[in-house]
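Q: Could you take me through one part of this model up close, and then show me how that part sits in the rest of the fold?

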Amino acid sequence: MSKSDPGNAKKQRNQTIRWVVTIFFVTLFVSGVITLISDEVMSSSGIVAAFLILLAIVVIGIVFDVVGVAVTSADETPFHSMAARKVPGAQEAIRLLRKAERVSSICNDVVGDICGVVSGSASATISVQLLSRFDFSWPVVVSLAMSALVAGLTVAGKAIGKTFAVNSSTTIVHFVGKAIYFLHHFPEMFRKKQKTKR
């Protein structure tokens, strides 16, 4: 065992601690801001619009869960040949796979938990709207039904998503890589288009 091993272990431990602390505060801030905004938007929206917003939040949570599972399931090998052929998104996909643990943590834990908190808050807001507009004999049933609906949609969606993520991990990771590539290169491509038009 080399003398540098304890130093490397300490460095990795410090990096992990910094990562955990950073994720904690980022999640705390983002969750608070998104919950506040969603509560304001939901309370001023109609029931149909509120349901659509709730559905969108659930879908976002499922999509990020799919990405998180795909990143931990995909093999890096196919992307090296793509990168050699300069296929857009291949290099970005390799970087995602090399940081699979952190990407998965952000997608599954941070975004997933935030969506869970926000969807719970949104379902409570919809329950209040329903109770204020309609007369129910058992008001408690409304909030229970909304909570059950959100939980059912989330669990069923993630179950289907995980199967899709494992079976199509390479395609999903490449798609995310291409999205990152185009977002990164969009200003450059836009400038080139403007130049060709002149």
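**A close look at helix α5 and its surroundings**

A: Of the 198 residues of the protein, 34% count as buried. Keep in mind that this is a predicted model, so everything below is read off predicted coordinates.

Let's set the scene before zooming in. The protein has 7 helices and 0 strands, so the run of elements from the N terminus reads α-α-α-α-α-α-α. With a radius of gyration of 22 Å, well over the 16 Å that the globule rule gives for 198 residues, the protein is more spread out than a compact globule. Its C-alpha atoms fill a box of roughly 70 × 60 × 30 Å along the principal axes. As for how the chain meets itself, take the contacts with a separation of 6 or more: residues 24 or more positions apart account for 79% of them.Now for α5 itself, which spans residues 100-133. Three of its residues make good stopping points, and Cys107 is one of them. Cys107 has a relative accessibility of 7%, so it counts as buried. Leaving aside residues up to four places away in sequence, Cys107 touches Phe64, Asp65, Val67, Gly68 and Gly112. Ala50, on the other hand, sits 57 residues from Cys107 along the chain, and the two C-alpha atoms are separated by 24 Å.

Further along α5 you reach Ser119. Despite being a serine, Ser119 counts as buried, because its relative accessibility is 4%. With residues up to four places away again left out, its contacts are Leu54, Ile57, Val58 and Val150.

Then comes Ala122, also in α5. Its relative accessible area is 1%, so Ala122 is buried. Beyond residues up to four places away in sequence, Ala122 touches Met42, Leu54 and Ile57. The pairing with Ile57 spans 65 residues in sequence, yet the C-alpha to C-alpha distance is 9.0 Å.

Val150 in that Ser119 list leads us to the packing of α5 on α6. The two axes come within 9 Å and cross at roughly 150°, and α5 and α6 are therefore roughly antiparallel to each other. The crossing of α5 past α6 is right-handed. On the α5 side, the contact is made by Gly112, Ser119, Ser123, Ile126, Ser127, Leu130 and Leu131, while α6 supplies Pro139, Val142, Ser143, Met146, Val150 and Lys158. Sorted by class, that contact has 7 nonpolar, 5 polar and 1 charged residues.

Helix α6 has another partner to look at. Helix α2 (residues 47-73) packs against α6 (residues 139-167) at an angle of about 30°, with the axes 9 Å apart. That makes α2 roughly parallel to α6, and α2 passes α6 in a right-handed crossing. From α2, the contact takes in Phe51, Leu54, Leu55, Val58, Gly61, Ile62, Asp65, Val66, Val69, Ala70 and Ser73. From α6 come Met146, Leu149, Val150, Leu153, Thr154, Gly157, Lys158, Gly161, Lys162, Phe164, Ala165 and Val166. The residues of this contact divide into 15 nonpolar, 5 polar and 3 charged.

Put the lists side by side and some names recur. Leu54 and Val58 of α2 meet α6, and both are also touched by Ser119. Asp65 is in the contact of α2 with α6 and touches Cys107 as well. Met146, Val150 and Lys158 of α6 appear in the contact with α5 and again in the contact with α2.

Before leaving, a quick look at the stretch that precedes α5 is worthwhile. The axes of α3 and α4 come within 8 Å and cross at roughly 150°, which makes α3 roughly antiparallel to α4. Here the crossing is left-handed. Phe79, His80, Met82 and Ala83 in α3 meet Ala90, Gln91, Ala93, Ile94, Leu97 and Arg98 in α4. By class, that contact has 7 nonpolar, 2 polar and 1 charged residues.

Lys86 belongs to the loop between α3 (77-84) and α4 (90-98). Lys86 is exposed, with a relative accessible area of 74%. Its backbone deserves a glance too: Lys86 has a positive phi of about 60° although it is not a glycine. Most residues other than glycine have a negative phi.

Definitions and conventions: Residues are numbered from 1 along each chain as its sequence is written. This is a predicted model: local features need pLDDT of at least 70, side-chain atom pairs count only at pLDDT 80 or more; totals for chains, interfaces and linings use all residues. Side-chain values use heavy atoms; hydrogens and water are left out. Helices (H or I, at least four residues) and strands (E, at least two) are DSSP runs, numbered from the N terminus. Buried means under 20% relative accessible area, exposed over 50%, partly exposed in between (1.4 Å probe, protein chains only). Contact means heavy atoms within 4.5 Å. Axes are lines fitted to C-alpha atoms, for helices over the stretch in contact, and angles run from 0 to 180 degrees between N-to-C directions. Angles under 35 degrees count as roughly parallel, over 145 as roughly antiparallel, 65 to 115 as roughly perpendicular and the rest as oblique. A crossing is left-handed if the near helix is turned anticlockwise from the far one by less than a right angle, and right-handed if clockwise. Ala, Val, Leu, Ile, Met, Phe, Trp, Tyr, Cys and Pro count as nonpolar, Asp, Glu, Lys and Arg as charged, and the others, Gly among them, as polar. The radius of gyration is taken over C-alpha atoms; the globule rule is 2.2 Å times the number of residues to the power 0.38.
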